[in-house]
Amino acid sequence: MLRRILAIIGIVLILAMYATAFLLAIFGNEHTTKFFIAAIATTIFVPILLWFYIRLCKLGDKKDK
């Protein structure tokens, strides 16, 4: 269940970053490029961080048993 919740949170974060970059591009904000780079970084780092967190939770569960 924890995996599913973390996956949903990750998807929401990534979609929010791309939606923000898209809206800033439509309205012609000067920070559009920075938000797009942040969205790309989020696409890379959020899944990696979630994977590490899930692995740490599994290791903690094995030590408890």
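In the predicted model, I48 has a relative accessibility of 40% and is therefore classed as partly exposed, since that category lies between the limits of under 20% for buried and over 50% for exposed residues. I48 is located in helix α2, which spans residues 32-64.

I48 also contributes to a nonpolar patch on the surface, with an area of about 890 Å². The other members of this patch are Y18, F36, I40, I44, F45, L49, W51 and F52. Helix α2 makes the greatest contribution to the patch, supplying 8 residues. Over the protein chain as a whole, the exposed area amounts to about 5,400 Å², and 75% of this area comes from carbon and sulfur atoms. Buried residues constitute 17% of the 65 residues in the chain.

With regard to overall architecture, the protein chain contains 2 helices and 0 strands. Its radius of gyration is 16 Å, whereas the globule rule gives 11 Å for 65 residues; because the computed value is well over that expectation, the chain is more spread out than a compact globule. The box filled by the C-alpha atoms, taken along the principal axes, has dimensions of roughly 55 × 15 × 10 Å. Among contacts in the protein chain with a separation of 6 or more, 57% involve residues 24 or more positions apart.

Definitions and conventions
Residues are numbered from 1 along each chain as its sequence is written. This is a predicted model: local features need pLDDT of at least 70, side-chain atom pairs count only at pLDDT 80 or more; totals for chains, interfaces and linings use all residues. Side-chain values use heavy atoms; hydrogens and water are left out. Helices (H or I, at least four residues) and strands (E, at least two) are DSSP runs, numbered from the N terminus. The radius of gyration is taken over C-alpha atoms; the globule rule is 2.2 Å times the number of residues to the power 0.38. Buried means under 20% relative accessible area, exposed over 50%, partly exposed in between (1.4 Å probe, protein chains only). Contact means heavy atoms within 4.5 Å. Accessible areas come from the Shrake-Rupley method with a 1.4 Å probe; for residues, only the protein chains shown count as cover. Patches are made of residues with over 30% relative accessible area and no salt bridge: like charges are joined within 9 Å, nonpolar side chains (Val, Leu, Ile, Met, Phe, Trp, Tyr) within 5 Å. A salt bridge is a side-chain nitrogen of Lys or Arg within 4 Å of a carboxyl oxygen of Asp or Glu.
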